[in-house]
Amino acid sequence: MQEYHNPVIKGFHPDPSICKKGKDFYLVTSSFEYLPAVPLFHSRNLVDWQQIGHCLTRDSQIDIHKTPNSGGIFAPTIRYHEGIFYLITTNISKGNFIVRTNDLTQGFSEPIWLDIKGIDPSLYFENNKVYVQNACFDQQGSFIQQCEIDINTGTIINGPIEISRGCGGRDVEAPHIYKHNGWYYLFCAEGGTREGHMVTIQRSHNLYGPFEKCPNNPIVSQRDYGKALLQSVGHADLVEDNDNNWWIVALATRPYKHRHHLGRETILLPITWSKDGWPMVAGKQAKDSYKIQIKEPIYQPKKIIHDTFKKTKLDYEYNTIRSFLSDYYEIKNQQLVLYGNKQTLNTHKSPVFIGVRQTEKECYFETQLSISLKPSSSAGLTIIMDCCHHMEIGITSQNELYVKKTVADLVNINIIEKVIGKIIIGIETNQEYYQFYYQKDNQKYKVDQTYVKHLCTETCFSAFCGVYGGMFIEGEGKAVFDYFHYQEK
């Protein structure tokens, strides 16, 4: 027996979808306003996941300029069928589309757009036909619809036709259809993606229904387990491993005092089948650890990133906001150089920011930089939830070390001291506070702190994302970073 711990993918990685090719599993999650979009992961044991790229990596596939907080790319589904990987998802500003590839190392195709309203699209293949299920909305609320499409052109052949209004919960969404032992199973999320979130199941002998509701719905929800580590569990996708074991991946949060800031994360739950043919989660509850029989060894190491910029490209963990920023950064002489584009972190456009997800409540971010800035500009290290909720330690164009805290319309700036040349700055955190520090003469000086709750989802305008930490420049000029370090404690 081996033990694993949830989440299996920590930090802002919501709406997981999974597929299998041979002994290999592939998983994608939502990315909203961050680029490259739709992170892509690989695993052999369903627990240890390595990011191997992104699915949307160029402007011709994705345009999310000026998208609002928590806009952009919603709820992707990945499927493998007859040698091809398909990804279907929603750009909330433009609609639903499909990309494909027969080689994940070569990236995905240009998008095929679908004339289908709604969100959370999924794909189901059967008898040379392809069906799309997705969530849609009317005056009565939300419902699940289905249509048959031409997978090569996106043309709708039949439908869409309403097939379900859920099992009684609000906000029915995230549909996936699977066929098992002659039944079509319709998985959905209901209850809204907060404390009332849940996974429900229906089934039918006909692809278009009518669907009967599982008598044990919801099959998993944390709504009645207020003291559990994992909360807001829902949005599940089902997979069978190579030893005939069944699993779901789902999203969950890890709140502290009823607030969470890491975002919605990816968890893994074992599934068993009842005697009457319903997939079930033991106890209808998501646990933070499980002991399982699995052949592949489990590791789950703490995350450490120490980047001295020796590669010519940024690692997959890094993201930008709303733009790829290809004209505003470069890696040269084993340094990352950021160039100002006149924007600030407060913009709904594209600030010059490159960072990584915060994946644990206790961790730290650190970098060393030097600046050459024009007046009224600044650069440094930030933790950011959205354009109205972020905190920085940095250097101004007047060579002043400062800490700045932005919480909606409340802004506080603390000037620390004058600095000359390169400086090491950092942000470390526990579940209560972010603390800002710098190093001088091999001494570490803590200069300010703020409450973590100021960057929590429940406080911010970003309903669906999580905190990032990373390097930035505001205004004009350039900032040169010698290294970037992120480490879970």
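## Burial and overall build

Of the 489 residues in the protein, 60% are buried, a figure that comes, like every value in this report, from a predicted model. The accessible surface amounts to about 20,100 Å², and carbon and sulfur atoms account for 46% of that surface.

The secondary structure consists of 39 strands, with zero helices. Among contacts with a separation of 6 or more, 57% are made by residues that lie 24 or more positions apart in the protein.

## Dimensions and charge

The C-alpha trace of the protein spans about 70 × 45 × 45 Å when it is taken along the principal axes. For a chain of 489 residues a compact globule would be expected to have a radius of gyration near 23 Å, and the value for the protein, 23 Å, agrees with this.

The protein carries 51 positive and 53 negative charges, and the mean positions of these two groups are 2 Å apart.

## The surroundings of Ser323

Ser323 is placed in the loop that runs between strand E26 (320–321) and strand E27 (329–332). Is Ser323 buried or exposed in this loop? Its relative accessible area is 14%, and because buried means under 20% relative accessible area, Ser323 counts as buried.

The side chain of Ser323 reaches the backbone nitrogen of Leu325 at 3.1 Å. When residues up to four places away in sequence are left out of the count, Ser323 touches Leu35, His65 and Ser350.

Terms used: Residues are numbered from 1 along each chain as its sequence is written. This is a predicted model: local features need pLDDT of at least 70, side-chain atom pairs count only at pLDDT 80 or more; totals for chains, interfaces and linings use all residues. Side-chain values use heavy atoms; hydrogens and water are left out. Helices (H or I, at least four residues) and strands (E, at least two) are DSSP runs, numbered from the N terminus. The radius of gyration is taken over C-alpha atoms; the globule rule is 2.2 Å times the number of residues to the power 0.38. Buried means under 20% relative accessible area, exposed over 50%, partly exposed in between (1.4 Å probe, protein chains only). Contact means heavy atoms within 4.5 Å. Accessible areas come from the Shrake-Rupley method with a 1.4 Å probe; for residues, only the protein chains shown count as cover. Lys and Arg count as positive and Asp and Glu as negative; His and the chain ends are not counted. The place of a charge is taken as NZ of Lys, CZ of Arg, CG of Asp or CD of Glu. A polar contact is a pair of N or O atoms within 3.5 Å; within protein, one must be able to donate a hydrogen and the other to accept it, and residues adjacent in sequence count only if both atoms are side-chain atoms.
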